[in-house]
Amino acid sequence: MKKKASLELIAPEVGTSIMVKQFLESCDLKNNSYWHFHPELELVYVKGGNGKRHIGNHLSCYSDGDLVFIGSNLPHHGFTDRLTGNESETIVQMKSDFLGNDFFNMPESKEIALLFERAKFGISFNGHAKYEIGQKI
């Protein structure tokens, strides 16, 4: 029997369209480890550790941390629990229009629009990108 994903309500502060959460202790992550979805885009950086990645209908493993970009309404689990050995998990959640309504109408934004379209299925970053972007997060 397939488990139904729960809608997670994300409430950024008034006047903002981006919310950042950082979890430094595995006990802090228990609230995010359920099967859920939300309309916001989500960039997740897991620093260190090894674990399972379950996004949509894809299940895989990560090692030495993880960096994923999850599109709107794509069901997923949290990435960290007490067994993964991660140092921290940082989540950046943003509304799909956080760049403005006309941003994607500009020719210069074509590649970003394609990235957001690909994120509907989830994107995992590896190698140097994972570490360089992760350090900035």
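Here is a short chat about the strands of this predicted model and one residue among them.

Q: What's the strand order in the open sheet of 5 strands?
A: The order is β2-β8-β4-β7-β9, and the pairing is antiparallel.

Q: And which strands sit at the edges?
A: Those are β2 (18–23) and β9 (123–125), each of which pairs on one side only.

Q: How much are neighbouring strands turned against each other?
A: By 15 degrees on average, ignoring direction.

Q: Which helix packs on that sheet?
A: Helix α2, residues 127–136. α2 touches β4 (41–47), β7 (66–70) and β9, and its direction makes about 80 degrees with that of β7.

Q: Back to β2, how many bridges does it share with β8?
A: There are 6 bridges between β2 and β8 (residues 88–94), in the antiparallel sense. Across that pair, F23 stands opposite E89 in β8.

Q: Switching to D66, which strand is it in?
A: D66 is in β7.

Q: Is D66 buried or exposed, and why?
A: D66 counts as buried because its relative accessibility is 2%, and the cut-off for buried is under 20%.

Q: What does D66 touch further along the sequence?
A: Leaving out residues up to four places away, D66 touches V44, Y45, V46, R53, F79, S124 and K130. With R53 there's a side-chain polar contact of 2.9 Å.

Q: What about the hairpin of β5 and β6, which residue takes a positive phi there?
A: G56 does, near 60 degrees, and the hairpin has 2 residues between the strands. β5 (residues 51–55) and β6 (residues 58–62) run antiparallel, joined by 5 bridges. K52 stands opposite C61 in β6.

Definitions and conventions. Residues are numbered from 1 along each chain as its sequence is written. This is a predicted model: local features need pLDDT of at least 70, side-chain atom pairs count only at pLDDT 80 or more; totals for chains, interfaces and linings use all residues. Side-chain values use heavy atoms; hydrogens and water are left out. Two strands pair if DSSP finds at least two bridges between them. Helices (H or I, at least four residues) and strands (E, at least two) are DSSP runs, numbered from the N terminus. Axes are lines fitted to C-alpha atoms, for helices over the stretch in contact, and angles run from 0 to 180 degrees between N-to-C directions. Contact means heavy atoms within 4.5 Å. Buried means under 20% relative accessible area, exposed over 50%, partly exposed in between (1.4 Å probe, protein chains only). A polar contact is a pair of N or O atoms within 3.5 Å; within protein, one must be able to donate a hydrogen and the other to accept it, and residues adjacent in sequence count only if both atoms are side-chain atoms.
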